[in-house]
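Visitor: Please select one part of this model and examine it closely. I should then like to see how that part relates to its surroundings.

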Amino acid sequence: MVEKGGIIQLKNIDVTFHNEGKTIEAVKNVSINVNKGDIFGVIGYSGAGKSTLVRVINLLQKPTSGEVIVNDKSLTKLSVKDLRKERKNIGMIFQHFNLMRSLTVFGNVDFPLRDSKLSKQERKEKVDKLLKLVGLDDRSNNYPSQLSGGQKQRVAIARALASDPEILISDEATSALDPKTTTEILKLLGRLNKELGITIVIITHEMDAIKQICNRVAVMEDGALIEEGDLLTIFGSPKKKLTKDFVDTSTQISSVLDEIKESGIAGSISGRLVELNYIGNVTNEPLVVGLYKKFDVEANILFSNIERLQGTTVGIMLFALTGDEDKVSEAIKYLNGLNVNVKEIDIAESEEA
Amino acid sequence: MTNFINTYLPNVVANWEGDNGFVVAIWQTLYMTFVSAIFAGIFGIILGILLVVTTDDGITPHKTFYNVLDKLVNLFRSIPFVILLAVIGPFTKLIVGQTIGPKGALVPLIIGTAPFFARQVQLALVEVDHGVIEAAEAMGLSPIKIIFRVYLKEGLPELIRSGTFTTISLIGLTAMAGAVGGGGLGNMAIAVGYQRFENDVTIVSMIFILILVFVIQGIGDLLVRKLEH
């Protein structure tokens, strides 16, 4: 699963905490390889260890065992001084922004530049450029307390970019923001990835955030990495139960199924209930019409969700198929042949489960 | 006005000038307050920072060092000031050459105030958002830079608030030190006003001390208002 030579390589990372006689294994034997230019998402519920894991990347959290290689340098073997130098190459943004209250927007972005060799004038130009990049050039004399959450996060992003890092770590950076602002911030990160070629590692508990910009995803549960792959694979054919749960919350199919069960309309739905998952351009074929023409099977669409992920169409649909019993079976076979993942759903059964 | 003062504050007028007069006493109180405030301030800030950075989740944790310093600060904070004055007499003599007068009061005032202020500094700096410290660490700042550029900068309004508070309680201590030989307005109020039944002297001494307290509080509040965003 781990390819060689990524910009970030975590090898067999263990993080164990000892607290009042209790031992907590926050991260268990996790290996991750992030390639240059990736937007790598780590998703999991709170307490899954994802925050601890990303802190291992810049060694804010020292791993109990394992190796951290960033840019071909083994950080775990560096001296404290060299480690500080490497940290400047890894920008970080946080859930609660972590800006200095006593400094203006300008002062906050200038903060990491004060150690640089740049002259005062060069620093000013750089800060202005960064603020422009995040769309806040008109707020440079404001204090953080005068800004909205989304604006604060933009300042934090500008600050993180000040030392020209090759890597940006986002630790639940959108979790304290409303959905609209979240989308704006994610779009900004996506743009930075494209324009600056910066490698981004995002951790979140929202599949929607992952879906919007990541090209690769890792799923964590109880400190372990349970599934990893590119976004389309994870989204189109999740293997583990937790992964499927995350995908379902994002497509809303689970809430639709709940709705069908609770509203009691399950009994009034005739025919066989099937869930279709597909990746790619199957949608170009008129499915519903095709089923009717070829098999005389009527497809009643109960739910449909089609999204573009990384430029590829990913769809999920819920059909109630009615018609001659044999014909319906044939229709399902036909769908399978079209690279559509078909799963039959028994409402009564899933109710018990 | 002159008439009013002569009628109601006869002893204040009689004790205004001269070696043991009000003018000298006011200077002595100001001297004791500000010199001790500066030294206790420096020691307190250093000790307070050491406590904050060496604690378990500090930026350079050191269990043994923290525990020893923590106990020492507690110990010195627990000694009642009047007793401290007497106990450290020989040490005072060693440092400033005398145990009486405003100069002799300095050593016990500093030793009595510094641990108290250290605790205040520790509380003020612990309040600095841990996330900001973490962000600074992630930027590759060294501990010493984190202390100066984050802790002291972000904690400044709270530090001034504790500084004001500590200086005011220090004025209280100078009055106590004054009563046992330190001079100043405390000495005036007790040795002249109280013991010679010259009540106007006691009251005027108190008023001068109150004025000093209000001025310090006012300056402190003003600075905090300017610094907080």
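Guide: In this predicted model, a suitable place to begin is A:Leu168, whose bridge partner in β8(A) is A:Ile200. A:Leu168 belongs to β7(A), and it also stands opposite A:Gly91. The part under examination is therefore β7(A), a strand whose five residues out of five are buried, so that the rest of the structure largely encloses it.

Which residues of β7(A) are buried on its two faces? A:Ile167, A:Ile169 and A:Asp171 are buried on one side, while A:Leu168 and A:Ser170 are buried on the other, so both faces are covered by the criterion that calls a residue buried when 20 or more other C-beta atoms lie within 10 Å of its own. The buried residues of β7(A) thus include the charged A:Asp171 and the polar A:Ser170 as well as nonpolar ones.

The pairing of β7(A) can be described strand by strand. With β8(A), residues 199-204, β7(A) pairs in the parallel sense over five bridges. With β6(A), β7(A) likewise runs parallel, and five bridges join the two. These strands belong to an open sheet of six strands in chain A, with the order β6-β7-β8-β3-β9-β10 and mixed pairing. At the edges stand β6 and β10 (224-230) of chain A; each has a single partner strand, so one side of each is left without a neighbour in the sheet. From one strand to the next, the twist averages 15 degrees. Toward the other end of the strand order, helix α9 of chain A, residues 241-251, lies across β3 (39-43), β9 (216-221) and β10, and runs at about 120 degrees to β9(A).

What follows β7(A) along the chain also deserves attention. A:Glu172 is found in the loop between β7 (167-171) and α6 (179-196) of chain A. Although A:Glu172 is not a glycine, its phi is positive, at about 50 degrees. Is A:Glu172 buried or exposed? A:Glu172 counts as buried because it has 20 C-beta neighbours inside 10 Å, and 20 is the number at which that class begins. A useful counterpart is A:Glu20, another residue with a positive phi, about 45 degrees, that is not a glycine. A:Glu20 lies in the loop between β1 (8-19) and β2 (22-34) of chain A. With 4 other C-beta atoms within 10 Å, A:Glu20 is exposed.

The partner strand β6(A) leads from the sheet to the neighbouring chain. Contacts between the chains involve 16 residues of chain A and 14 residues of chain B. On the side of chain A that touches chain B, α2 (80-87) and β6 (90-94) each supply at least two residues. The largest share of that side, three residues, comes from α2(A). By class, the residues on that side of chain A are six nonpolar, five polar and five charged.

Chain B offers a further packing example. The axes of helix α3 (residues 22-54) and helix α11 (residues 184-194) of chain B come within 6 Å and cross at roughly 135 degrees. That angle makes α3(B) oblique to α11(B). On the α3(B) side, B:Phe22, B:Ala25, B:Ile26, B:Gln28, B:Thr29 and B:Met32 take part, meeting B:Gly184, B:Leu185, B:Asn187 and B:Met188 in α11(B). This contact consists of six nonpolar and four polar residues, with no charged residues. As for α4(B), one of its 16 residues is buried, so this helix lies largely in the open. At 1.5 Å a residue, α4(B), residues 63-78, should span 22 Å, and its end C-alpha atoms are 22 Å apart, in agreement with that expectation.

The wider setting of β7(A) is chain A as a whole. Chain A has 13 helices and 14 strands, and its C-alpha trace spans about 80 × 50 × 35 Å along the principal axes. Of the 353 residues in chain A, 41% are buried. Among contacts in chain A with a separation of 6 or more, 69% are between residues 24 or more positions apart.

Key: Residues numbered from 1 in each chain as written. Chains lettered and ligands numbered in written order. Predicted model: local features only at pLDDT ≥ 70, side-chain atom pairs only at ≥ 80, totals over all residues. Helix = DSSP H or I, 4+ residues; strand = E, 2+ residues; numbered from the N terminus. Buried ≥ 20, exposed ≤ 12 C-beta atoms within 10 Å, placed from the backbone. Contact = placed C-beta atoms within 7 Å. Expected span 1.5 Å × (residues − 1). Pairing = 2+ DSSP bridges. Axes fitted to C-alpha atoms, helices over the stretch in contact; angles between N-to-C directions. Parallel < 35°, antiparallel > 145°, perpendicular 65-115°, else oblique.
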